[in-house]
There are 2 protein chains.
Amino acid sequence: MSSYYDNPAFFAAYAEMNRSKYGLKAAGEWHDLKKVLPDFTNKTVLDLGCGYGWHCRYAADHGAKQVLGIDDSDKMIQQAQIMTKNENIQYKTMDIFDLDQLEQKFDIIISSLAIHYIKNYTELIQKIYQQLNNGASFVMSVEHPIFTAQGTEQWVEDEEGEISHWPVDDYFDEKVRNTDFLGFTISKYHRTLTTYVQTLLQKGLVLDHLIEPKPSQEMLEENKEMQEELRRPMMLILAAHKPNKKG
Amino acid sequence: MSSYYDNPAFFAAYAEMNRSKYGLKAAGEWHDLKKVLPDFTNKTVLDLGCGYGWHCRYAADHGAKQVLGIDDSDKMIQQAQIMTKNENIQYKTMDIFDLDQLEQKFDIIISSLAIHYIKNYTELIQKIYQQLNNGASFVMSVEHPIFTAQGTEQWVEDEEGEISHWPVDDYFDEKVRNTDFLGFTISKYHRTLTTYVQTLLQKGLVLDHLIEPKPSQEMLEENKEMQEELRRPMMLILAAHKPNKKG
């Protein structure tokens, strides 16, 4: 599987996004995601789809003893390595669906906005479950099913060009959606909320948090366009853990 | 608080709905709800917003040793009593928000399509938690946040009058919505999915199932209009339990 991010033009466009230039604090969901992250102190951490490595560095800066970031884009991994000084962090180019090839289990697995690119969610969660130590945490963010269902990822506008509402359609049709991202056509998988949550539960994880992030008060005040983000959820954060013992 | 259902004209209109005439098997969500109901054998059961008592009778018919159905509508309770022969079932006219006045705890609490009428969800869940025995189950269904967010509960149609999509707006604005139901204006409370799920978790319940019901294959084949129900979720089912012990 080749990575969109290895396309030089796409990689350059991605580099111009605020979250690429300014990191976690420029990501609208970060202030909500941060609240549900577990304590990293002395933990081993795996980041699935690490990109530039922002979350890896955050984990290491907050006490993680060992962090592995994987991403299927060579260019992303190179960029992450350039931006990282901490020796507790390693990066590896590999498809996140191949995580079962890692010979190690982890105390914490995180994945930010990567899992909607994966075709087989059920199998991925099965692999994640197996790669978690007992009592370990899993935190993931994806694009929200409301956001991905209809497929265009565009507001419906009225005759004056003002936002009217967000369209939802084909909700239960769990297939690929081809949408525009930074001027490129990107394939993502739409799944229902039922699938996202129920799969975690059926594989044996215990749900700790379900959060639809919204911009912080500070972001809303600094940027009036952020008000639009209150009209429909864009992302979904799920935090869960593997029980210490079954039963 | 007076009940819409005590208005004779509304009560009469409600009586003409398929789910009123034909019961559970005519309710589009029933085949999914049924799957997540706990074993009723020898259990005590409370039904919040019992209406005609369909779920109470189902529980008793499946082994519950005692069932209490409460509803704020006298007319509903009278109808439930008329339709019920089983002596293990009692009905009581009372606001479901007053459940903390019951002197008994229960093994199972269920609530079908009633909680979106309750203004203070957090306090309701707190009261439900207190009224559950350790290890007890709670299963609720509500209108889905995607369904309630924008407020009209109507499809957006194209120029030919065909369904175009479902509108979502004001998602994070958790307030009352006044919508038409059977020709009457009814007030319901829109809440985000975050609020629905996170409140259960924060009060100490463990989530067992999150289901967005869709029509059964049989219903889809019998009634082609049911295909529309695959275009957006209408309901949300949450099943949880109170742990036997904390920790």
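**Notes on the two-chain model**

1. Strand β1 (residues 44-48), helix α4 (residues 54-61) and strand β2 of chain B make a right-handed β-α-β unit. One thing to keep in mind as you look at it: this is a predicted model. The two strands of that unit, β1(B) and β2(B), pair in the parallel sense over five bridges. If you want a place to start in the viewer, take B:Thr44, whose bridge partner in β2(B) is B:Gln66.

2. Stay with β2(B) for a moment, residues 66-71 of chain B. How many of its six residues are buried? Five of them are, so to speak, under cover: the strand is mostly covered. On to its other partner: β2(B) is joined to strand β3 (residues 89-93) of chain B by five bridges, and these two run parallel. Here B:Asp71 stands opposite B:Thr93 in β3(B). The link between β2(B) and β3(B) goes over helix α5 (residues 74-83) of chain B, and the three elements make a right-handed β-α-β unit.

3. Now go to strand β4 of chain B, residues 106-112. Seven of its seven residues are buried, so the strand is largely enclosed by the rest of the structure. Which strands pair with it? One is β1(B), in the parallel sense over three bridges, with B:Asp47 opposite B:Ile110 of β4(B). Another is strand β5 (residues 132-143) of chain B, which runs parallel to β4(B) and is joined to it by six bridges. B:Ile110 turns up again here, opposite B:Val139 in β5(B). As with the earlier units, β4(B), helix α6 (residues 121-131) of chain B and β5(B) make a right-handed β-α-β unit.

4. Over to chain A, in overview. Its secondary structure comes to nine helices and 11 strands. The radius of gyration is 18 Å, close to the 18 Å that the globule rule gives for 247 residues, so chain A is as compact as a globular protein of that length. Its C-alpha atoms fill a box of roughly 55 × 45 × 40 Å along the principal axes. Buried residues make up 44% of the 247 residues in the chain. Of the contacts in chain A between residues at least 6 apart in sequence, 65% join residues at least 24 apart.

5. The sheet of chain A that I would trace by eye is an open one of seven strands, in the order β3-β2-β1-β4-β5-β11-β10, with mixed pairing. Which strands sit at its edges? They are β3 (89-93) and β10 of chain A, each pairing on one side only. On average, neighbouring strands of the sheet are turned by 15° against each other, direction ignored.

6. Inside that sheet, strands β1 (residues 44-48) and β4 (residues 106-112) of chain A pair in the parallel sense over three bridges. The bridge partner of A:Val45 in β4(A) is A:Ile108. Two helices to look at next: helix α5 (residues 74-82) of chain A packs on the sheet, touching β2 (66-71) and β3 of that chain, and its direction makes about 165° with that of β3(A). Helix α6 (residues 121-131) of chain A packs on the sheet as well, touching β1, β4 and β5 (132-143), with its direction at about 145° to that of β5(A).

7. Helix α4 (residues 54-61) of chain A deserves its own point. Why call it largely enclosed by the rest of the structure? Because seven of its eight residues are buried. They are A:Trp54, A:His55, A:Cys56, A:Arg57, A:Tyr58, A:Ala59 and A:Ala60; note the arginine and the histidine in that list. These buried residues pack against β1, β2, β3 and β4 of chain A. Just after the helix, A:Gly63 takes a positive phi of about 105°.

8. Last, the contact between the chains. It takes 28 residues from chain A and 28 residues from chain B. On the chain A side, the elements that give two or more residues are β7 (163-168), α8 (193-203) and β10 (206-211). The largest share, six residues, comes from β10(A). By class, this side has 15 nonpolar, six polar and seven charged residues. There is strand pairing across the chains too: three bridges join β7(A) to strand β7 (residues 163-168) of chain B, and the two run antiparallel. To find the spot, look for A:Val168 opposite B:Trp166 in β7(B).

Definitions and conventions: Residues numbered from 1 in each chain as written. Chains lettered and ligands numbered in written order. Predicted model: local features only at pLDDT ≥ 70, side-chain atom pairs only at ≥ 80, totals over all residues. Buried ≥ 20, exposed ≤ 12 C-beta atoms within 10 Å, placed from the backbone. Helix = DSSP H or I, 4+ residues; strand = E, 2+ residues; numbered from the N terminus. Pairing = 2+ DSSP bridges. Right-handed = clockwise from strand over helix to strand, strands pointing away. Contact = placed C-beta atoms within 7 Å. Nonpolar A, V, L, I, M, F, W, Y, C, P; charged D, E, K, R; others polar. Axes fitted to C-alpha atoms, helices over the stretch in contact; angles between N-to-C directions. Rg over C-alpha atoms; globule rule 2.2 N^0.38 Å.
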